[in-house]
Amino acid sequence: MTAVDYHGQTTLITGASAGLGAEFARQLAARGSDLVLVARRKERLEKLAAELRAEHHVRAHVVEMDLTTDNPGQELATLMERRGLHITSVVNNAGFATFGPFHQADPDRLRREIAVDVTAVADVSRAFIAQLRTAGRGVLVNVASMAAYQPNPRMALYGATKAFVLSLTEALWEESRGTGLRVLALSPGATRTEFFEVVGTTRAAGGATLASPSDVVHTALAALDRRNPPPSVIAGRMNRVAALVGRRLATRRQIIRAVGRLTAEGA
């Protein structure tokens, strides 16, 4: 395999109105891909689509959608068929977190978090993966997180959802070998996006320096361009070191306690 050629492709991106989703759109448009931008905030999507059309001369389509609805994957697939759009690549980027003790969290917010971070990722992946495999030249990127690599006190549900995304995507990587479809789980650390505004506190970063969305997306696309792309990639050298240390040099108890201290009150 050589570097992915995105010319003539159409990439569907969820959570495309800001942050990593918008950055994926910009970098993929720069590499020649047409785009379908999916999010709840239509005005932002329209502005981004106009920017990409003008700068990169690609087609950029906008879909206003709340991914907490039932069967978002099938709804998107049906809409693409109606519009005559053939999706060859997918980036499942949409997601959010809840910060604080699990027993104090709003149950409705937790249900929405599961719907977006887990159900929608699985549903959209399932809705499109057959045609992605048939096309045999695109990518399926599911955005996980460094939170996938250990339990996360005060973001317990978020860490669990991202562990699901990592496990699901790595399994799909193996199932898709030999089809030409490149599957990747991307695990960023703390990144300079609206994530912390939605969470409501920068304590969720655990004191980490925030990475740029550009660097995170570049890491993903570079991994996909490898001759033998990996099933997953961690963005940021220090994040990769931390994951390695956690797997090899610390006990499970030590890891959980350490993460808990980083997000504790006053940390």
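Here are a few questions and answers about this predicted model.

Colleague: Which strands sit at the edges of the open sheet?

Modeller: Strands in a sheet pair up through backbone hydrogen bonds, either parallel or antiparallel. Here seven strands pair in parallel, in the order E3-E2-E1-E4-E5-E6-E7. An edge strand pairs on one side only, and that picks out strand E3 (60-64) and strand E7 (232-234).

Colleague: And how much does the sheet twist from one strand to the next?

Modeller: Picture walking across the sheet in its order, E3-E2-E1-E4-E5-E6-E7. From one strand to the next, the twist averages 15°.

Colleague: Which residue in E4 does Leu-12 stand opposite?

Modeller: Start with strand E1, which covers residues 10-14 and runs parallel to strand E4, residues 89-92. Three bridges join E1 to E4. Opposite Leu-12, in E4, you'll find Val-90.

Colleague: At about what angle to E6 does helix H7 run?

Modeller: Two helices are handy to look at here. Helix H5 (residues 156-175) lies across strand E5 (139-143), strand E6 (182-187) and E7, and runs at about 160° to E6. Helix H7 (residues 213-224) lies across E5, E6 and E7 too. Its angle to E6 is about 150°.

Colleague: Is Thr-78 buried, exposed or partly exposed?

Modeller: Find Thr-78 in helix H3, residues 72-83. Buried means under 20% relative accessible area and exposed means over 50%. Thr-78 has 26% relative accessibility, so it counts as partly exposed.

Colleague: What separates the C-alpha atoms of Thr-78 and Asp-225?

Modeller: Along the chain, Thr-78 and Asp-225 are 147 residues apart. In space, their C-alpha atoms are separated by 30 Å.

Technical notes:
Residues numbered from 1 in each chain as written. Predicted model: local features only at pLDDT ≥ 70, side-chain atom pairs only at ≥ 80, totals over all residues. Heavy atoms only, no water. Pairing = 2+ DSSP bridges. Helix = DSSP H or I, 4+ residues; strand = E, 2+ residues; numbered from the N terminus. Axes fitted to C-alpha atoms, helices over the stretch in contact; angles between N-to-C directions. Contact = heavy atoms within 4.5 Å. Buried < 20%, exposed > 50% of the residue type's maximum accessible area, 1.4 Å probe, protein only.
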